[in-house]
Amino acid sequence: LSKVIRKFEKLKTVSELAASISHEVRNPLTVTRGFIQLLRDPNLTEEEKKLYINFSMEALDKAEATITDYLTFAKPSLDHVERLDLKKELDYIANIINPFAEINNVMIECQNDMNIYITGGKQQFHQCLINLIKNGIESMPDGGKMHIHLQKINEKAVITVTDTGMGMTDEQMEQLGTPYYTTKVKGTGLGTMVMYNSVKAMQGEIKVESEVGRGTRFSLFFPVTEH
Ligand code: ADP
Ligand code: MG
């Protein structure tokens with residue numbers, strides 16, 4: 001069983017988003033600051049010290065994850081729109097993500113032998129694909145295979161990212177793109193939302209097919225730019 005979902009209605013405006021993201025980073029920093037202040041107390045037991053340090057580390061990890069999902073490639077709003085060679089950009093992205101894939105025992109096969117051009121922000125495109133591929137890798141905790149495929153179908157550039165991971169239920173698929181929706185202990189729930197925003201900005205569409213226990217395929221469709 002698979003299901004197709006195409007929706008953008010859950011997206012927030014850019015300014016709402018920026019405000020809420022900055023809160024997501026600032027909040028753990030404030031928490032960490034509080035615990036460091038507590039650590040100044042010379043009468044703390046070893047147990048207490050350990051606890052405060054662990055809380056601080058967790059909060060910092062949270063801030064870092066938020067930055068990874070949202071800000072790795074700088075501010076999308078400042079990204080200038082240009083012609084993107086998808087073959088070249090996918091090679092670049094595969095290179096960046098490969099170390100992360102290897103750590104997780106995931107083999108990435110990237111089939112992108114055609115020069116297909118679209119128009120969009122380069123950094124926004126990178127952020128979008130990295131978030132998408134990262135989710136796929138994270139859905140395969142015991143390793144597995146990921147297939148990335150670039151094609152031209154009916155005058156659309158089509159990028160499919162297929163994983164052999166845990167898949168999603170229909171309910172989970174309905175939630176994709178909703179800010180802060182996550183099923184992961186250390187998740188941000190920002191990855192897919194950022195991705196849906198970027199695709200929308202590039203006049204693209206997203207199709208999701210998933211089956212629990214078998215895997216997920218995301219397909220991104222973009223209008224082709226003539227060169
Ligand atoms: P995060 O990765 O921090 O949880 P995302 O917005 O990137 O946040 O993803 C939201 C949720 O969507 C994930 O927690 C997961 O439940 C689900 N998800 C996204 N991509 C996949 C995938 N390829 N396979 C299984 N579940 C996925
Ligand atoms: Mg993610």
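Start by selecting T160 together with S219: S219, in β7, is the bridge partner of T160. As you look around, keep in mind that this is a predicted model.

**Stop 1: the strands on either side of that bridge**

Now widen the selection to residues 156-163, which are strand β5, and residues 215-223, which are strand β7. The two strands pair in the antiparallel sense, over eight bridges. While you are looking at strands, here is a handy rule: in a regular strand the side chains alternate between the two faces of the sheet.

**Stop 2: the whole sheet**

Which strands make up the sheet, and in what order? Five of them form an open sheet that reads β2-β4-β5-β7-β6, with mixed pairing. Select 106-111 for β2 and 205-211 for β6 to see the edge strands, each of which pairs on one side only. On average, neighbouring strands of this sheet are turned by 15° against each other, direction ignored.

**Stop 3: a helix on the sheet**

Next, add α4, which packs on the sheet and touches β2, β4 (144-153), β5 and β7. The direction of α4 makes about 25° with that of β5. Select 122-138 to pick out α4. Is α4 largely enclosed or largely open? Of its 17 residues, 13 are buried, so α4 is largely enclosed by the rest of the structure.

You can also check the span of α4 with your viewer's distance tool. At 1.5 Å a residue, its 17 residues should span 24 Å, and the end C-alpha atoms are indeed 24 Å apart. A general tip for viewing helices: an α-helix has 3.6 residues a turn, so residues three or four places apart point the same way.

**Stop 4: around ligand 1**

Now show ligand 1 and the 23 residues around it; N135, S139, T182, G187 and G191 come nearest. Both α4 and α6 (191-201) supply at least two residues each to this shell. Try colouring the shell by residue type: you should find six nonpolar, 15 polar and two charged residues.

**Stop 5: the hairpin**

Go back to β7 and add β6: seven bridges join these antiparallel strands. One pair to select is E211 with its bridge partner G215 in β7. The two strands form a hairpin with three residues between them, and G213 in the turn has a positive phi of about 85°.

**Stop 6: a loop far along the chain**

Finally, select T45, in the loop between α1 (14-38) and α2 (46-71). T45 has 8 C-beta neighbours inside 10 Å, so T45 counts as exposed. Add Q203 to the view: T45 and Q203 are 158 residues apart in sequence and 57 Å apart in space, C-alpha to C-alpha.

Note on methods: Residues are numbered from 1 along each chain as its sequence is written. Chains are lettered from A and ligands numbered from 1 in the order in which they are written. This is a predicted model: local features need pLDDT of at least 70, side-chain atom pairs count only at pLDDT 80 or more; totals for chains, interfaces and linings use all residues. A residue is near a molecule or strand if its C-beta atom, placed from the backbone, lies within 6 Å of it. Helices (H or I, at least four residues) and strands (E, at least two) are DSSP runs, numbered from the N terminus. Ala, Val, Leu, Ile, Met, Phe, Trp, Tyr, Cys and Pro count as nonpolar, Asp, Glu, Lys and Arg as charged, and the others, Gly among them, as polar. The expected span of a helix is 1.5 Å times one less than its number of residues. A residue is buried if 20 or more other C-beta atoms lie within 10 Å of its own, exposed if 12 or fewer, and partly exposed in between; C-beta atoms are placed from the backbone. Two strands pair if DSSP finds at least two bridges between them. Axes are lines fitted to C-alpha atoms, for helices over the stretch in contact, and angles run from 0 to 180 degrees between N-to-C directions. Two residues are in contact if their C-beta atoms, placed from the backbone, lie within 7 Å.
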